[in-house]
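Please examine the sequence and the structure shown below. The report that follows treats one pocket and one group of paired strands.

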Amino acid sequence: MVTQMTKELTRIEKLRNIGIIAHIDAGKTTTTERILYCTGIIHKIGEVDDGTTSMDFMVQEQERGITIMSAATTCFWKDKNINIIDTPGHVDFTVEVERSLKVLDGAVVVFCAVGGVQPQSETVWRQADKYNVPRIAFVNKMDRTGANFFSVVESMRRRLGAKPLILQVPIGAEANFAGVIDLISMKAFVYKGEDERSTFDIQEIPSESRPLASEYRHKLIETLGEANEIVMEKYINEQGIYPHELVGHIRHATVCGKIIPVLCGASAKNRGIQPLLDAIVDYLPSPADIPPIKGINPETKEEVIRKPSDDEKLSGLIFKIKADPFVGKLAYLRVYSGVLNSGEYAYNSTKDVKERVGKLVKMHANKQEIVEAARAGDIVAAVGLKNTKTGDTICDEENPIVLGAISFPEPVISMSIEPKTKADEEKLGLALNKLEEEDPTFKVTYNKETGQTIISGMGELHLEIIIDRMLREFNVAANVDKPQVAYKETITRGSRAVGKFIQQSGGRGQYGHVVFDIAPAPKGSGIIFNNKIIGGAIPREYISSVEEGVIDAALNGYLAGYPVTDVEVTLVDGSFHEVDSSDIAFKMAARIGFNEGLKNGGSVLLEPIMNLEVETPENYLGDVIGDLSSRRVRISEMFDRGHLKVVRGHAPLSEMFGYSTIVRSLSQGRATYTMEPSSFQEVPKNISEKIVQANSGNDQRKKM
């Protein structure tokens with residue numbers, strides 16, 4: 001038993017589950033590709049620009065040179081097993097980062113040595129903070145014109161509130177970037193060659209670099225001492241610290257989230273990758289280093305803890321669903337405890353169903369390696385879980401646990417879609433269902449008033465990719481309208497509302513009567529339904545129908561037919577008829593009462609507001625700011641990034657369609673911009689009136 005336990009701990013301690021995260025075009029996929037080459041998984045390096053990388057296997061990724069879906073793979077370095085998830089950098093696909101970080105133990109955050117901390121860098125950093133993911137930073141593209149390692153580190157401090165620990169300083173920069181000085185061993189890694197055949201020699205530090213190396217070695221000990229009492233004591237008493245001691249203390253401080261080790265390199269030229277791999281295995285945690293996973297027993301509602309051990313009861317989280325042309329559906333799973341065997345039944349505690357695991361596979365991008373079992377700490381994909389969705393928990397039926405669900409942002413843009421031919425009609429619904437199951441930020445709704453199918457997502461590129469995938473993967477041709485802003489509706493004050501549905505046309509009639517207290521709810525809470533009926537004014541069997549009616553009515557608001565959010569509905573009274581009352585009658589009464597509450601509650605429209613960042617040469621700054629002001633953009637700050645001016649602000653999405661063409665025109669093609677969803681805010685009254693008027697012609701207003 002002791003021998004088995006020792007082997008298990010050794011296996012788990014040798015495991016690293018990490019993600020590669022960054023702003024778009026910082027070099028995540030290139031870095032991952034070089035890691036796979038250095039660890040012997042691939043023997044020829046692919047290039048993002050050529051569409052030949054292992055991790056970007058989708059046709060759309062290869063054509064556009066961007067990552068759209070997170071891809072998982074496994075490699076080995078110095079007897080450690082590294083499971084890697086390469087994530088997208090484009091904000092439209094931020095869901096892939098969110099669900100990956102939920103199940104990962106550590107992350108490598110890649111920064112561009114020229115761009116530094118960019119908007120999506122901040123987003124992925126916040127996501128990593130949210131899940132308490134320890135991370136290391138890799139400053140990439142040190143060979144690019146304008147590269148400035150120390151500026152990026154300072155930007156990490158200022159913009160991210162991070163505590164960077166510099167482990168390397170570069171030897172040269174831009175075209176003269178020749179290697180790095182390792183501040184642990186105090187040796188120079190000097191590179192030779194420009195491609196995958198690039199090698200390095202470990203040398204003494206060049207004389208001209210010794211003052212810089214000495215200065216930053218001193219800063220390393222000082223910074224680490226602030227996070228570690230032992231190091232601080234040795235620092236104060238001027239005692240020496242051996243390199244292996246430093247590595248141990250850095251690892252502990254990194255796992256605890258007190259510091260961020262920082263390295264640098266140029267992934268495209270294969271420079272800095274081997275030291276990065278060393279840092280991954282030396283400093284990022286194994287599943288044994290992180291706190292045990294916590295969940296709730298669905299039967300007792302008590303907190304349950306599962307340790308990362310094969311001897312514990314099974315617990316795992318489904319973090320991604322992927323439609324597969326050969327096996328139907330792949331459910332990506334992180335096993336936190338216990339063992340899941342291929343061919344056995346697993347209990348889905350979220351859905352309260354048992355399903356048979358047909359097959360377990362380890363993913364290598366889009367290639368599959370069949371495995372017999374998944375153990376604590378493993379990341380695998382399961383085949384055969386037909387009823388399982390993203391965020392569901394798989395566990396032992398006799399010892400149930402529900403792990404924390406993954407939260408996803410709300411869509412901000414919509415468009416109507418219809419099949420091009422009658423033959424496409426049935427296939428369209430099937431394709432949309434599969435895509436919606438895959439992507440929690442992609443929503444499909446049906447507007448009963450207009451008869452339209454509406455698809456919603458995180459941006460124009462997101463929906464463009466969805467439509468392209470429908471054609472290529474599902475062979476469905478569709479017509480779509482221009483993208484529209486996904487407005488929402490809410491109320492500004494509380495009110496009491498009565499809903500009555502009475503029909504009598506001979507024979508058995510219909511009777512439903514409800515009284516609601518309707519009030520504004522906290523932002524992001526959606527629709528909250530409370531039942532305060534006492535004394536049987538409405539029989540218990542009709543309460544669920546009342547709730548269904550409220551939820552159904554909230555899909556199309558009173559003002560202009562947009563979904564209602566952040567409203568609390570409390571059922572306080574009502575009446576029923578012993579013969580005429582029915583589920584449908586109470587559902588209709590609830591719809592009438594809810595709409596009455598919206599009407600009396602001062603309904604307003606909400607619009608998606610985006611975090612906007614524009615980079616422009618100073619010559620065009622005035623024109624850019626003037627144009628932004630005309631678009632209702634509230635500018636929050638301006639600062640320099642290298643030789644460029646950066647403008648940040650909050651922009652209504654409705655004003656930003658086609659902005660890429662405008663900003664290029666204003667700057668002779670030299671300005672760029674990025675946007676990401678921030679919040680929903682009330683639409684100004686004059687604009688709201690225009691939206692309501694435009695929608696009334698389409699019969700979008702609710703009329704009951």
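The sections below describe a pocket first and a set of strands afterwards, in a model that is predicted.

## The second largest pocket

The second largest pocket holds about 1200 Å³ of space. Its lining is made up of 46 residues. Those that lie nearest the centre of this pocket are His-23, Ile-24, Thr-672, Tyr-673 and Thr-674.

By residue type, the lining of the second largest pocket comprises 20 nonpolar, 16 polar and ten charged residues.

## Elements that supply the lining

Which helices and strands each supply at least two residues of this lining? The helices are H5 (119-130), H12 (460-474) and H16 (659-666), and the strands are E35 (604-616) and E38 (672-682).

Strand E38 provides the largest share of the lining, namely five residues. Thr-672, Tyr-673 and Thr-674, listed above among the residues nearest the centre, fall within the range of E38, 672-682.

## Strand E12 and its partners

Strand E12 covers residues 293-296, and strand E13 covers residues 303-306. These two strands are joined in the antiparallel sense by four bridges. Within this pairing, Ile-293 has Arg-306 in E13 as its bridge partner. The hairpin of E12 and E13 has six residues between the strands. In this hairpin, Lys-301 adopts a positive phi near 65°.

Strand E12 is also joined to strand E24 (residues 402-403), by two bridges. E12 and E24 run antiparallel. Here Gly-295 is placed opposite Leu-403 in E24. Strand E12 thus has bridges both to E13 and to E24.

Key: Residues numbered from 1 in each chain as written. Predicted model: local features only at pLDDT ≥ 70, side-chain atom pairs only at ≥ 80, totals over all residues. Heavy atoms only, no water. 1 Å grid on protein atoms, 1.4 Å probe; cavity = no way out; pocket = protein on both sides within 12 Å on 5 of 7 lines; lining within 4 Å. Points joined across faces, edges and corners; volume = space filled by probe spheres on them. Nonpolar A, V, L, I, M, F, W, Y, C, P; charged D, E, K, R; others polar. Pairing = 2+ DSSP bridges.
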